[in-house]
Amino acid sequence: MTERLYYTSQYLDNAQAVVISAAESEKGILLLLDRTVFFPCGGGQPSDTGRIVICGESDNVLDVTDVYEENGNIYHLCTSKNGDAHSVYIPPVNTKVMLYPDVYPRRVDFMRQHTAEHMISYSMKKLYGAVNVGFHMNSEFSTCDFDIPLTYEQLIECEKDVNEAVMKNKRVYDRTYSEEETDSMELRKRTEKLHGSMRVVFVEDNDSCTCCGLHVENTGEIGAVKIISSERLRGGTRVYFLCGTRALEDYRAKSEIISSLSGKLSAKQNDILSAVEGMEKKLADMKRELSEKSRALALSLEKSSEEINGILFCASDILGAAEAELIAKMPVKGTFAHFGRAVFYKTSEDRIGYIFAKGGNPQIDCKALCMKANEAFGGKGGGKSDFARATALYDGSFNDGVKKFKELL
């Protein structure tokens with residue numbers, strides 16, 4: 001069984017060890033050592049990475065990419081960096097090696113997030129009776145899953161409670177107990193899968209639960225704790241959070257965005273929301289005005305439409321694509337209720353567009369008409385039997401184009 005030096009000191013960033021076994025695997029070199037400072041993946045906390053250097057052979061360096069536990073032994077998955085791309089160095093049994101885990105900043109960052117998770121879970125249970133049913137940590141954010149729905153106001157209250165506890169700089173420590181002893185202890189959470197000796201992590205005057213992960217020594221090391229978002233999950237709530245340097249970097253990035261928006265909107269930072277709301281109102285008013293004018297134009301053009309073989313035909317060189325579609329889809333009433341629609345318009349100096357709509361004429365095949373027009377004008381586009389549209393490059397006069405289009409109907 002591998003001796004676990006990381007439980008002696010979670011800040012230890014080097015140690016000497018002896019190779020017990022070494023073998024090449026599909027993913028790299030697999031090392032088993034008599035002892036290690038490398039933390040294996042566990043308790044929701046990612047494994048350490050780092051380097052292993054062969055004692056007396058500084059050129060023989062192994063990059064540790066993953067660490068995992070199996071049957072009480074801790075295995076180190078490594079890649080060789082001996083300078084020879086065509087060979088793999090596998091250290092012999094009994095070789096002495098130096099271990100250099102990435103304690104700063106990688107492990108310490110994960111320790112901060114992990115300790116914050118304990119305190120968030122304690123606060124959620126204390127305030128709302130919410131039970132932590134899942135925890136995940138990666139290099140970008142951490143999540144806690146709780147068994148009940150939580151409101152925005154409850155998340156803010158929890159965040160405040162946690163940060164107040166963090167600033168008290170309370171001690172974080174662990175103790176090992178027998179299974180019988182933990183059965184009689186009032187813990188926030190006891191992992192049911194554990195049996196025999198159990199490691200319990202305590203946050204003074206705060207949390208206590210069984211855990212195999214690594215944590216900071218004092219809550220003040222966590223820094224600010226920020227809940228950044230949440231989502232509903234299986235009847236409960238998934239909470240996303242950051243702490244320490246991650247929270248600072250997130251605050252800095254958002255401050256830069258706010259500062260930039262303040263400049264673009266010519267508004268003080270506290271007035272950005274009001275400025276955006278004002279822009280939204282202006283945009284809505286402009287859209288409504290444009291829609292009214294477009295509809296008025298469409299109605300005006302509809303009155304001048306020409307009937308050709310059961311199709312109401314309209315042409316204009318001042319229409320936009322939106323207005324042309326509006327005319328094509330406009331409900332037909334009265335005398336022309338059973339007519340289809342065809343609209344011919346100019347999209348730019350050298351491009352035309354045309355739209356076909358079945359309307360009230362079941363005999364019209366808009367797709368076929370569109371393909372026929374494409375052949376005549378070299379257009380691109382299409383659709384279905386009830387609606388089709390296309391555009392084409394056209395360097396002739398608009399009136400000549402109208403005449404040519406009408407001959408297709």
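Biologist: How far apart are the mean positions of the positive and negative charges of the chain?

Modeller: They are 7 Å apart, taken over 51 positive and 60 negative charges. Lys and Arg count as positive, Asp and Glu as negative, while His and the chain ends are not counted. Each charge is placed at NZ of Lys, CZ of Arg, CG of Asp or CD of Glu. Keep in mind that this is a predicted model, where local features need pLDDT of at least 70, side-chain atom pairs count only at pLDDT 80 or more, and totals for chains, interfaces and linings use all residues. Residues are numbered from 1 along each chain as its sequence is written, and side-chain values use heavy atoms, with hydrogens and water left out.

Biologist: Thanks! What is the radius of gyration of the chain?

Modeller: The chain has 35 Å, whereas a compact globule of 409 residues would come out near 22 Å. That radius is taken over C-alpha atoms, and the globule rule is 2.2 Å times the number of residues to the power 0.38. Along its principal axes, the C-alpha trace spans about 95 × 60 × 45 Å.

Biologist: And how many helices and strands does the chain have?

Modeller: There are 8 helices and 21 strands. Those are DSSP runs numbered from the N terminus: helices are H or I with at least four residues, strands are E with at least two.

Biologist: Let's look at β7. Which strands pair with β7?

Modeller: Strand β3 (residues 29-33) pairs with β7 in the antiparallel sense over 4 bridges, and strand β6 (residues 57-70) does so in the antiparallel sense over 8 bridges. Pairing here requires at least two DSSP bridges between two strands.

Biologist: Which residues face each other there?

Modeller: Isoleucine 29 has cysteine 78 of β7 as its bridge partner, and valine 67 stands opposite histidine 76.

Biologist: What links β6 and β7?

Modeller: They form a hairpin with 2 residues between them, and asparagine 71 in the turn has a positive phi of about 55°.

Biologist: Is β7 itself mostly covered or mostly open?

Modeller: Strand β7 (residues 73-80) is mostly covered, with 6 of its 8 residues buried. Buried means under 20% relative accessible area, exposed over 50%, and partly exposed in between, using a 1.4 Å probe and protein chains only.

Biologist: New topic: where is threonine 143, and is it buried or exposed?

Modeller: Threonine 143 lies in strand β10 (residues 142-146), and is buried at a relative accessible area of 5%.

Biologist: What does threonine 143 touch?

Modeller: Leaving out residues up to four places away in sequence, threonine 143 touches Gly134, Phe135, His136, Arg238, Val239, Tyr240 and Phe241. Contact means heavy atoms within 4.5 Å.
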